[in-house]
Amino acid sequence: MRVDFLSMERINAPFMPQIEETITKIAKSGRYLLGPYTKLFEDSICQAHQMPPGSVVATSNGLDSLRLIFKALIILGKLSKGDEVIVPANTYIASILPLSEMGLIPVPVEPDTTTFNIDWHKALQAITPRTKAMLIVHLYGTPCWDHLIAQSIINKNILIIEDNAQAIGARASHNGINQLPHTGTLGHAAAFSFYPTKNIGAFGDAGLVMSHIPEITSTVKALANYGSDTRYHNIFKGYNCRIDEIQAAILHIKMQQLHSITFQRTHAANLYNNAISNPLIIKPAIMPNMQQVWHQYVIRVQNRDQFRSYLAQHGITTDIHYACPPHLQPCYKGEFTTPLPITEHIANQVVSLPIASATDQEILYTASIINQWSPTS
Ligand SMILES: *Cc1c(COP(=O)(O)O)cnc(C)c1O
């Protein structure tokens, strides 16, 4: 049997008739930017997150969304050059790039090895008088949230920004509240990505900023459109970070199926967790009291290269998220001085298994091949 890590064709197939029809309509309409589909998409996101209309701005991509948030916070006087921002050490580099760009100091903190998310106790210890913000990343679709510690951090006047690129539809546990709040609504502002392979993926690049603070969304909205609040009136030196109408329309169509997309991934993760029994494999934690959305299903294994070639010999392709953490990338050489042994240890062991487009049969086959694995020395 052949199991592809990801088949975009399979993921997009159910949506194709509606998407093709809509693309043709937009192409003929002549309205390609800032039109009705951007509005429809933004409204569908607000509705899915129980946020009031106007609390989101659709953008060009996830990285730009983070740049817009941090730029807006600087313009609004909430952050300034030289401020420290706590970040997870094991995130994708796009989380950290906007900080460096704007002269903010990323302070990397090690992950909890069960959740792969930032260790909240270590984050508390990393706070200094110069800490002005914390960037949390809901890595692999697992909510990164400790309600009590987050509250105490917010009480210290530290902003919490969410990188929700991998976790659309996830819900975090919130002490004392039965209805779990969505990731993206937990902190002061959140960035989303709709890169094609994300749980909701565009046919190209797209992103979004969400915030319940109107001055953040209005500043982001202006910044994303050359810094103009009304046409040809520029209040900021802005950027062009708009979303295309075609991408917005595709995402609006896919948003109608957010629940079934999350359900399918959760079903696949449960299948893997029940079927994998090889003691050499550390399976990802299924967290009680929260809704994970399984952007990736990430196991840990020693002898990773051997394990991956063994799977490849059996027709199964896998991926690694991420083999090289930001502090070891050439562009950050010499910038991070704190040792990050847990991050480096995890980076050498993680393997992402096929989940997004795999059938039950393919998942059970993959699990049975994994169960027969042992390293040869
Ligand atoms: C995908 C991703 C980004 C960047 O999003 P783009 O749309 O590709 O710019 C940022 N952070 C995380 C955690 C991501 O997974």
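## A bridge in the strand core

Ile-86, in strand 2, stands opposite Val-107 in strand 3. The model in which this pairing appears is a predicted one. Strand 2 covers residues 84–88, and strand 3 covers residues 105–109. The two strands run parallel and are joined by 5 bridges.

Strand 2 also pairs with strand 4, which spans residues 131–137. Here 3 bridges make the connection, and the strands again run parallel. One of the residues involved is Val-85, whose bridge partner in strand 4 is Ala-133.

## The setting of strand 2

Is strand 2 enclosed or open? A residue counts as buried when its relative accessible area is under 20%. Of the 5 residues of strand 2, 5 are buried, so the strand is largely enclosed by the rest of the structure.

The side chains of strand 2 point in two directions. Glu-84, Ile-86 and Pro-88 point one way, while Val-85 and Val-87 point the other way. Residues on both sides are buried.

## The chain as a whole

The protein chain contains 13 helices and 11 strands. Its radius of gyration is 21 Å, close to the 21 Å that the globule rule gives for 377 residues, so the chain is as compact as a globular protein of that length. Along the principal axes, the C-alpha atoms fill a box of roughly 65 × 55 × 45 Å.

Of the 377 residues, 56% count as buried. Among contacts between residues at least 6 apart in sequence, 73% join residues at least 24 apart.

## Surface and charge

The accessible surface of the protein chain comes to about 16,700 Å². Carbon and sulfur atoms account for 53% of that surface.

The chain carries 27 positive and 27 negative side chains. The centres of these two sets lie 3 Å apart.

## Helix 9 and its cover

Helix 9 runs over residues 245–255. Since 10 of its 11 residues are buried, helix 9 is largely enclosed by the rest of the structure. The buried residues include the charged side chains Glu-245 and Lys-254. Also among them are Gln-247, Ala-248, Ala-249, Ile-250, Leu-251, His-252, Ile-253 and Met-255.

Which elements cover these buried residues? The cover includes helix 1 (8–12), helix 2 (16–29), helix 3 (36–48) and helix 10 (258–275).

## Two buried loop residues

Ala-224 lies in the loop between helix 8 (214–223) and strand 8 (228–230). Its relative accessibility is 3%, so Ala-224 counts as buried. Leaving aside neighbours within four places in sequence, Ala-224 is in contact with Leu-68, Tyr-239, Asn-240, Cys-241 and Arg-242. The C-alpha atoms of Ala-224 and Thr-59 are separated by 7.2 Å, although these residues are 165 residues apart along the chain.

Thr-142 is found in another loop, the one between strand 4 and helix 7 (147–155). With 8% relative accessibility, Thr-142 also counts as buried. Not counting residues up to four places away in sequence, Thr-142 touches Thr-115, Asn-117, Met-287, Met-290 and Gln-292. Thr-142 and Glu-344 are 202 residues apart along the chain, and their C-alpha atoms are separated by 20 Å.

Key:
Residues are numbered from 1 along each chain as its sequence is written. This is a predicted model: local features need pLDDT of at least 70, side-chain atom pairs count only at pLDDT 80 or more; totals for chains, interfaces and linings use all residues. Side-chain values use heavy atoms; hydrogens and water are left out. Helices (H or I, at least four residues) and strands (E, at least two) are DSSP runs, numbered from the N terminus. The radius of gyration is taken over C-alpha atoms; the globule rule is 2.2 Å times the number of residues to the power 0.38. Buried means under 20% relative accessible area, exposed over 50%, partly exposed in between (1.4 Å probe, protein chains only). Contact means heavy atoms within 4.5 Å. Accessible areas come from the Shrake-Rupley method with a 1.4 Å probe; for residues, only the protein chains shown count as cover. The place of a charge is taken as NZ of Lys, CZ of Arg, CG of Asp or CD of Glu. Two strands pair if DSSP finds at least two bridges between them.
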